[in-house]
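Q: I would like a close look at one part of this model, namely the space inside it and the residues around that space. Please take the enclosed space before the open one.

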Amino acid sequence: MTRFIHDKFAKDYLEELLKDYGEVKASEKVSGEIKEIDVLFTPAKQQSSNIQILGLLGRFAQQPAIIEPYRNPASTDEICDCLLKLLEIKALLRREAKANKTKLQDSAIPKLWVLTPTISETRLSSFGTMQKAGWLSGVHFLPDALRTAIVAIHQLPQTPETLWLRLLGRGSVQSQAIIELQALPLDYPYQKQTLELVYNLRENLKVNQELEADDRELIMRLEPLYQRDREQAKEEGRQEGRQEGREEGRQEGKEDLILRLLNRRIGEIDASLIGRIKGLSIEQLENLGEALLDFSSVADLETWLNQQSS
């Protein structure tokens, strides 16, 4: 079953994106009939403004959240199970508040976000969902007392704000999101880490013998991106190696020049002083090249080197 591969990807992915902004617990167990919450998120007390980079997902993470991503369309029973998990967490928080003789604040109770790749209007209406002003299409809220929203990923608008959620979609929705992710600048936050997770998903799917059509399409779409990124990484490694070689050559050239000038100025110097000179940076070597014009003895060199280490 490839569903478990996708489940692990979703948990790892959400943890990677949210860990800078609070505490993330994946596969958190709750009481009752041992249920597991996919992702339980508690925001940091001092929330970073960088969370806006995550768009709609970042908006979810501005408050305690239970995030339940589904690879296949969430069924009625699965959504009800998610609601049970939320109610278990709420009951636990109430018991803790009572034991501590404090009042449980609404802001401390998580909101539940059920992420489903697709969902029918019939299923949405069966939960009495509604659209709320100020929220994007595709986010369907249950009555307020339930603190829950069903996020229909296929209905989200194709904008940068929804990119990080559309990556958890299926078929053309996910493929388009991957194209947008790859097109981001190389230094864009979370781009590199997310691509690595996507490539790991590709590798895990490739060894599976029973792939669905969506998974085969995903592997085919990722193949050229994967190969291009690997070639780019190799080229960057080669360029970095050449640059390091040039820097090393420049350093050695400076050292040789300084040692020749010192030998002419103050005579032969011992191996310990040569070692200290070779430990200098290029900037320090350039400063020594100017200072040695005033040296008249080895003692002057020793004094100058001692000043550099003090």
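What is the volume of the largest cavity?

A: In this predicted model, the largest cavity has a volume of about 100 Å³, and the count of cavities of 30 Å³ or more comes to one. Its lining is made up of 13 residues, of which H6, A10, Y70, R71 and L168 are the closest to the centre of the cavity. Helix α1, which spans residues 3–18, gives the most to this lining, with four residues. By residue class, the lining of the largest cavity divides into eight nonpolar, three polar and two charged residues.

Turning to the open space, the largest pocket holds about 410 Å³. Of the 16 residues that line the largest pocket, R3, D7, D38, Y70 and K85 are the closest to its centre, and the elements that give two or more residues to this lining are α1, β2 (35–43), β3 (65–69) and α3 (76–99). Here too α1 gives the most, with four residues of the pocket lining, just as helix α1 gives four to the lining of the largest cavity. Y70 is listed among the residues closest to the centre of the cavity and also among those closest to the centre of the pocket. The pocket lining divides into four nonpolar residues, one polar and eleven charged, whereas the cavity lining has eight nonpolar residues and two charged.

Methods
Residues are numbered from 1 along each chain as its sequence is written. This is a predicted model: local features need pLDDT of at least 70, side-chain atom pairs count only at pLDDT 80 or more; totals for chains, interfaces and linings use all residues. Side-chain values use heavy atoms; hydrogens and water are left out. On a 1 Å grid over the protein atoms alone, a cavity is a set of points where a 1.4 Å probe fits but cannot get out, and a pocket is an open set with protein on both sides within 12 Å along at least five of seven lines; lining residues have an atom within 4 Å of a point. Grid points are joined across faces, edges and corners, and a volume is the space filled by probe spheres set on the points. Ala, Val, Leu, Ile, Met, Phe, Trp, Tyr, Cys and Pro count as nonpolar, Asp, Glu, Lys and Arg as charged, and the others, Gly among them, as polar.
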